[in-house]
Amino acid sequence: MNTDPIADYLTRVRNAIKANHRVVEIPASNLKKEITKVLFDKGYIANYKFEDNGPQGIIKVALKYHPVTKIPAIRTISRISKPGLRKYAGTANMPRVLNGLGIAILSTSKGVMTDKEARVQNVGGEVLCFVY
């Protein structure tokens, strides 16, 4: 039993990047699938695939690296809101990551989205993680 599946997701991605893996397999959930879609839409991962093996399923994430220098697209990925201390942000105090160069992934009432999309739609929510 995992107490924080989102932190496990982020740690698996972080460890795969440090080990220069091309693909990482992660146990699936609906929230993890939405986070994966946001990372793909913003260009932080190369591709993803949802497989329904067994009761839970697997997310296969293809990590993205620079073709020449082999530097990963994700430099830092960190959990912000934890089960012991939830972090929420309204529209007035929405976080900016690296002054707009990175993204904050939020879970809002209108779904999982980035901080920029949440500002446009004028919604707040739980700040899940920072990616840059």
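This is a short walk through the structure above, from its core out to its charged pairs and one of its hairpins. Please keep in mind that the model is predicted.

Let us begin inside. The largest nonpolar core has 26 residues. Val13, Ile35, Leu39, Leu63, Ile74, Ile105 and Val131 are those with the most contacts inside this core. Several helices and strands help to build it: α1 (5–18), β1 (23–27), α2 (30–41), β3 (58–63), β6 (103–108) and β8 (125–131) each supply at least two residues. Helix α1 gives the largest share, six residues.

Leucine 63 is a good place to pause and look around. Setting aside residues up to four places away in sequence, leucine 63 touches Val13, Ala16, Ile17, His21, Arg22, Val24, Ile45 and Ala46. A second core, of nine residues, lies apart from the largest one and includes Ala104, Leu106, Met113 and Val123.

Next, follow helix α2. Its 12 residues, at 1.5 Å a residue, should span 16 Å, and the C-alpha atoms at its ends are 17 Å apart, which agrees. Which residues of α2 are buried? They are Lys32, Ile35, Thr36, Val38 and Leu39. Seen down the axis of α2, these buried residues fall within an arc of 160°, so they line one face of the helix. Two of the names should sound familiar, for Ile35 and Leu39 were listed among the residues with the most contacts inside the largest core. On the face of α2 turned away from the buried side you will find the exposed residues Asn30 and Asp41. After the helix comes glycine 43, which has a positive phi, near 85°.

Helix α2 also holds a charged pair. Lysine 37 and glutamate 34 meet through their side chains in a salt bridge, at 3.5 Å from N to O. Both residues lie in α2, three residues apart, or about one turn of the helix. Lysine 37 is partly exposed, at 30% relative accessibility, and glutamate 34 is partly exposed as well, with a relative accessible area of 32%.

How many salt bridges does the structure hold? There are nine. Another of them joins aspartate 8 to arginine 12, with the closest N and O atoms 3.0 Å apart. These two residues are separated by about one helical turn, because they are four residues apart in helix α1. Aspartate 8 has a relative accessible area of 21% and is partly exposed; the cut-off for buried is under 20%. Arginine 12 is partly exposed too, at 33%.

Glutamate 51 leads us to the strands. Is glutamate 51 buried or exposed? With a relative accessible area of 18%, glutamate 51 is buried. Glutamate 51 forms a salt bridge with lysine 49, where the closest N and O atoms are 3.7 Å apart. The pair belongs to something wider: salt bridges that share partners join Glu25, Lys49, Glu51 and Lys60 into one network.

Now look at the strand that carries glutamate 51, which is β2 (residues 45–51). Strands β2 and β3 pair in the antiparallel sense, over six bridges. Across from glutamate 51, in β3, stands isoleucine 58. Not counting residues up to four places away in sequence, glutamate 51 touches Gly57, Ile58 and Lys60. The hairpin of β2 and β3 has six residues between its strands, and here glycine 54 takes a positive phi near 75°.

Our last stop is glycine 102, in the loop between β5 (88–89) and β6. Glycine 102 counts as buried, at 0% relative accessibility. What is glycine 102 in contact with, leaving aside its neighbours within four places in sequence? The partners are Tyr44, Val97, Lys116, Val131 and Tyr132. One of these, Val131, brings us back to the start, as Val131 is named among the residues with the most contacts inside the largest core. To see how far we have come from the hairpin, compare glycine 102 with proline 55: the two are 47 residues apart in sequence and 35 Å apart in space, from C-alpha to C-alpha.

How values were computed: Residues are numbered from 1 along each chain as its sequence is written. This is a predicted model: local features need pLDDT of at least 70, side-chain atom pairs count only at pLDDT 80 or more; totals for chains, interfaces and linings use all residues. Side-chain values use heavy atoms; hydrogens and water are left out. A nonpolar core is a set of buried Ala, Val, Leu, Ile, Met, Phe, Trp, Tyr and Cys residues joined through side-chain atoms within 4.5 Å. Buried means under 20% relative accessible area, exposed over 50%, partly exposed in between (1.4 Å probe, protein chains only). Contact means heavy atoms within 4.5 Å. A salt bridge is a side-chain nitrogen of Lys or Arg within 4 Å of a carboxyl oxygen of Asp or Glu. The expected span of a helix is 1.5 Å times one less than its number of residues. The arc is that of the directions from the helix axis to the C-beta atoms. Two strands pair if DSSP finds at least two bridges between them.
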